[in-house]
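Trainee: Could you take me through the side-chain contacts here, with a close look at where charges meet rings and where they meet each other? I would like one connected account.

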Amino acid sequence: MMFFAPPPTIQTEVFSRMPDRFRHPRKTRWADVNRSGMAIDSFLEGPCFDGNGNLYVTDIPFGRIFKITPAGDWDLVAEYDGWPNGMKFHSENKIYITDYKRGILQLDIATGAISPVIEDYFSEGFKGVNDLTFASNGDLYFTDQGQSGLHSPTGRVFRWSADGKLDCVMAGIPSPNGIVVARDMSYLLVAVTRAQQIWRAPLHEGVATKVGVFLQLHGGMGGPDGLALSEDGELFVAHTGFGSIWHVSRVAEPLHRIQSCAGISTTNMAFDPNDRHVIYITESQTGSIVRARLPVRGEELCMAGG
């Protein structure tokens, strides 16, 4: 049941599309499982900005990391054996990556070198890590999604503390995906894709308690994917399979629908650090980056390494 009127729609424009020189449609093991065996040329995710306004994105099935300049030009930064998904800057020159195959990795943007950070939990490999965020104290939170879903609610959320301790914060989740942590670290929000929900977990010394449903989406061809916060703690939800970003208040009242002008695979988003009223969105069906100007400012993201 929905008690709210449809929120106002904000239209997007295409900022840039992946150039043809990087598009070579073919089958991959990732697409066999996640795209019903289709031949694909890319699947964009993990947008994050450096301090100079360059946008970095992942290309999951081909293990590629791209840099897109403010002018919309694409450069290949790294290509390796992996399935990179979410990314966040750890420090000025290093990006942390959630890689489905290999756990948490780091990328040196100057050299393109990839190296491991967290490969297992108590000697067991992860199901398939998906997205990540840094808390204001430098702790890293990340989701372990794998192939979990309503049929197998086995996904998890982990915290890697600034002193190097790895803890499971939440378990038994049917497909945990995007994740954000409140600036005061009083709670976290996680996208539960297959349940079409956003869960809210109050945090006490980093431990989740009284987890509940914060937001219920209507459904569609996918579900909630990447998450972001405004500077006032309002939530943005990438609804992949529906072609929208939902903007909701601190109490989950719908405020805006940001509608993709490209395809419906809106996977994730990032705010321009030089103008946090502008949101950039990865649209993976067409290999595009779309953007829109918003009436609110995105939160300034935390980094662990300063």
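Mentor: Let's begin with a charge over a ring: in this predicted model, Lys101 sits over the face of Trp83, 4.9 Å from the ring centre. A second case is Arg200, which lies over the face of Tyr187 at 4.3 Å from the centre of that ring.

From there it is a short step to rings that meet other rings. The count comes to 15 aromatic pairs. Take Trp30 and Phe43, whose ring centres are 5.0 Å apart; their planes stand at 50 degrees, so this pair is tilted. Trp30 belongs to helix H1, while Phe43 is in the loop between H1 and S3, so the contact ties together parts that are 13 residues apart in sequence. Both Trp30 and Phe43 are buried.

Tyr96 and Phe134 make another pair worth a look. Here the ring centres lie 5.7 Å apart and the planes are at 55 degrees, so this pair is tilted. Tyr96 is found in strand S8 (residues 94–99) and Phe134 in strand S11 (residues 129–134), so the two rings tie together parts that are 38 residues apart in sequence. Tyr96 and Phe134 are buried. Ring pairs can also join up: Tyr121, Phe122, Phe126, Phe142 and Phe158 are linked by them into a cluster.

Now to charges that meet each other. The structure holds 12 salt bridges. One of them joins Arg23 to Asp41, with the closest N and O atoms 3.2 Å apart. This pair links distant parts of the chain, 18 residues apart: Arg23 is in the loop between strand S2 (13–17) and helix H1 (29–34), and Asp41 is in the loop between H1 and strand S3 (44–49). So the loop between H1 and S3 holds Asp41 as well as Phe43, the ring partner of Trp30. Are the two charged residues buried or exposed? Arg23 counts as buried because its relative accessibility is 18%, under the 20% limit. Asp41 is also buried, because its relative accessible area of 19% falls under that limit too.

Further along the chain, the side chains of Arg293 and Asp275 meet in a salt bridge of 2.3 Å, N to O. Arg293 lies in strand S26 and Asp275 in the loop between strand S24 (266–271) and strand S25 (278–283), so the bridge ties together parts that are 18 residues apart in sequence. Arg293 counts as exposed, with 52% relative accessibility, whereas Asp275, at 24%, counts as partly exposed.

Strand S26 also helps to place another bridge, the one between Arg297 and Glu231, where the closest N and O atoms are 3.0 Å apart. Arg297 is in the segment after strand S26 (288–293), and Glu231 is in the loop between strand S20 (223–229) and strand S21 (235–240), so the pair ties together parts that are 66 residues apart in sequence. Arg297 is partly exposed, its relative accessible area being 31%. Glu231 is partly exposed as well, at 41% relative accessibility.

Finally, salt bridges can be shared out over several residues: Asp139, Arg159, Lys165 and Asp167 are linked in a network of them. When you go back to the display, you could set that network beside the ring cluster that includes Phe142 and Phe158.

Conventions: Residues are numbered from 1 along each chain as its sequence is written. This is a predicted model: local features need pLDDT of at least 70, side-chain atom pairs count only at pLDDT 80 or more; totals for chains, interfaces and linings use all residues. Side-chain values use heavy atoms; hydrogens and water are left out. A salt bridge is a side-chain nitrogen of Lys or Arg within 4 Å of a carboxyl oxygen of Asp or Glu. Helices (H or I, at least four residues) and strands (E, at least two) are DSSP runs, numbered from the N terminus. Buried means under 20% relative accessible area, exposed over 50%, partly exposed in between (1.4 Å probe, protein chains only). Rings of Phe, Tyr and Trp (its six-membered ring) pair if their centres lie within 6.5 Å; planes under 30 degrees apart count as stacked, over 60 as edge-to-face and the rest as tilted. A charge sits over a ring if NZ of Lys or CZ of Arg is within 6 Å of the ring centre and within 35 degrees of the ring normal.
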